[in-house]
Amino acid sequence: MAAQDAVREALRDREVAVEQAHLDRVYRRLEEKIHEAEFLVDDAEKRGQVGTPGALAERDAQVFQAGVHLNRLNSEFEDFLFGRIDLLRGKDGKRGPDGAFTATEVAEDAIAPDGTAGIAETLHIGRLGVLDADYAPLVIDWRAPAAAPFYRSTPKDPGRVVRRRVIRSRGRRVLGVEDDLMRPEVEATLDGEDLAVVGDGALMAALGRARSHSMRDIVASIQAEQDMVIRAPAPGVTEVTGGPGTGKTAVALHRAAYLLYQDRRRYSGGILVVSPTPLLVSYTEGVLPSLGEEGQVAIRAVGSLVEGAEATTYDEPQVARVKGSSRMLPVLRRAARGALELGERVPTSLRVVAFGARLELDGEELAAIRHTALGGTAPLNLMRPRARRLLLDALWEKSGRGRHLVDPELIAEARAAFDEDVSGEDAFTGFLHRWWPVLTPRGVLATMAEERRLGRWARRVLAQREVRQLARSLRRLDAAGQGPLSVHDVALLDELRILLGTPPEPVRPREADPLDELTGLEEVTTYADRMSAGRRTRAERREQERAEYAHVIVDEAQDLTPMQWRMVARRGTSATWTVVGDPAQSSWADVDEATRARDEALGARVRRRFELTVNYRNPAEIAELASKVLRLAMPGTRPPSAVRSTGLVPRFEVAGDDLGASVRECAARLLDEVEGTIGVVVAMGRRAQAREWLTGLGERVVPLGSLEAKGLEYDATVVVSPAEIADESPAGLRVLYVALTRATQRLTVVAGVRDEPDGGGVPDLLRE
Ligand SMILES: Nc1ncnc2c1ncn2[C@@H]1O[C@H](COP(=O)(O)OP(=O)(O)OP(=O)(O)O)[C@@H](O)[C@H]1O
């Protein structure tokens, strides 16, 4: 046995040395490229901005490329090079732009009748493509077509791949290699030697690692079914479903990086990733920079999609259900119009002096004018000029000045002078300001906090009880609508923004940029801009100003309410879409209503559907427990199959009189049992309490409300009182399913009184 181990170790060391030699070559080449880039940047600085615009633009484009390269190369990638495939000879001898052979099928005579074959091509896969001085590929970018077999090849359908190798490195040092043999039946040789096979597969090694507070990229171990989604063609809608832990979020983010690689020009229009919570945003934010992509992808929580509105609170389930429903549409429409007539300061008559004569419009006349002005579909703030015009018409009529004139030119002149005279008067402008005020979304939302008024606006749409709850929830806001917003308020604000319209702002002149014409890339400005520290803030500002994106990715799409679908749809009216989700994890009660809203948002775009079927997060023991809840929550739904098992069955604890103490004890114990993070999931109503229970346990322990746990994962989780979580909302069982599927290693369930635990502490809901 020992001798066998020694042989294996020697083989491993030899193969690590082989990869180290390659990595050294890659770094030597990168250094050369860095020197070239530095030289270009230096040279450009010395020469300053002299030359014709055309020459400047050309030089700028070169320096830009060099600068981008430099930045990316200098940012230390932990595993710049992570993969390798050894391939049989293909059907034809054609090479693609990355220098690799393009054939996917094996040449008929590549394998000799006795089963032996020579490796015809070896490709190394990494985060960026690198060519050697003779344009031969040293590293293939993971997104390039030539890299696809690294992800797609399986023993069942190997293509040209004989051996797939994952290379683990840190900085410039290769630490290890893990091989998968795709064609075990072929006796392959490389440079006359047998092809070595090392380790027991890279995926398991990746899955077993401890979790931190941020997600890692999966670029070295993307699986074939995931790769199909990542590289799916862009047009229309790519819809992905899959159970917990199947990699939907990971795949969505890698797809963003792939789309940028594949068509940077198009997607420089921006990619928006909509995420359910700020926690999930910060958990996933690091993935794209680790793939060398940032700046063009905005990851936003659904409660932060409207500029200047950052949701900090959650509504109670029954209020959330009202606010998210499309029944809010007529209510908001009426509220927007109704808000025009609110307040003690709305004048009931208009008195002005025109050319020395006193003119007056009384309440009735004003009401009629308002009625006419409102007879259109334009946003309210944009109807203001029309209302002003109608007021002037009425005053002109009253003044009688046009009556004894016949010549149309004279009438027009007199009218223009009249309008100028009246509208210059403080009495008129002051009146207009109060009678047709510029409304803000927040201001209108705040007016809905008054129950009687809201009741009027919501007549025949909302029940009295719903009106009461909705009005009460909006009392967090002051009269101007300032105050803490809930996640669901934000979609209402966005709807009001459209109903009210933004009064036109003066147009800001845009900076002249010769490169815009040359490359069509908006982010490329002048050399000085690009290399200056101000570049990032400019990019950020531009991104904030962006109202529309070229591609929209919706994560946890099952949770979007109808009102949220409308809000997201506005940001991608001409975008292509990727929508990922799992109906079984939906925390939204009215599934049919949400489906209709989603169909409306996605419109007639072509849809491409994919399903992910393997759970990479939960060990089989945890997945099995969770599937009991799945059966209750969504009978008939097949859970994804867990890819590994740890032998650690979930633990059940019955809380004593002091629930907090029991939970704290469980969390403390887990601190010794796992290396990484511990999530403690409680019902939303217990969030504040949970924070107190866990104070002092350190950063590795995170208290979470059940809705906040969406999309996240921890080495270990404590799920506190399943019954409380399930009873908290109409979608409670699905929310519980989410809570039970967050752990990568260990799960402890703490049962409270409501859980009716059996002798083994197993809550009623989790028994067969
Ligand atoms: N091919 C892979 N190689 C290594 N790890 C993977 C792979 N696919 C997924 N994972 C890991 O599995 C975990 C779950 O992935 P992810 O969060 O993307 O799943 P999800 O489908 O979005 O889950 P949920 O629906 O529960 O939010 C993550 O830790 C991810 O890194």
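Here is a short tour of a predicted model, from the whole chain to a hairpin and then to an annotated site.

**Whole chain.** Begin with everything shown. The chain has 768 residues, and 44% of them count as buried. Colour by secondary structure and you will be looking at 29 helices and 26 strands. Among contacts with a separation of 6 or more, 75% join residues 24 or more positions apart.

**The hairpin.** Now select residues 350-354, which are strand β14, and switch on the side chains. Which of them point to the buried face? L350, V352 and A354 do, while R351 and V353 point to the other face and are not buried. Next, add strand β15, residues 357-361: this strand pairs with β14 in the antiparallel sense over five bridges. If you click on R351, look across to E360, its bridge partner in β15. Two residues separate the strands of this hairpin, and F355 in the turn has a positive phi of about 45°.

**The annotated site.** Move on to G242, G243, P244, G245, T246, G247, K248 and T249, which an unreviewed UniProt entry annotates as "binding site".

Start with G242, which lies in strand β10 (residues 237-242). G242 counts as buried because 22 other C-beta atoms lie within 10 Å. Show its contacts beyond four places in sequence: K248, D582, E611, L612, T613 and P640.

Finish at T249, in helix α6 (residues 248-262). Why is T249 classed as buried? Because it has 23 other C-beta atoms within 10 Å. Leaving out residues up to four places away in sequence, T249 touches T284, D555 and G711.

Note on methods:
Residues are numbered from 1 along each chain as its sequence is written. This is a predicted model: local features need pLDDT of at least 70, side-chain atom pairs count only at pLDDT 80 or more; totals for chains, interfaces and linings use all residues. A residue is buried if 20 or more other C-beta atoms lie within 10 Å of its own, exposed if 12 or fewer, and partly exposed in between; C-beta atoms are placed from the backbone. Helices (H or I, at least four residues) and strands (E, at least two) are DSSP runs, numbered from the N terminus. Two strands pair if DSSP finds at least two bridges between them. Two residues are in contact if their C-beta atoms, placed from the backbone, lie within 7 Å. UniProt positions are given in the numbering used here, feature names are shortened, and annotations may be inferred rather than shown by experiment.
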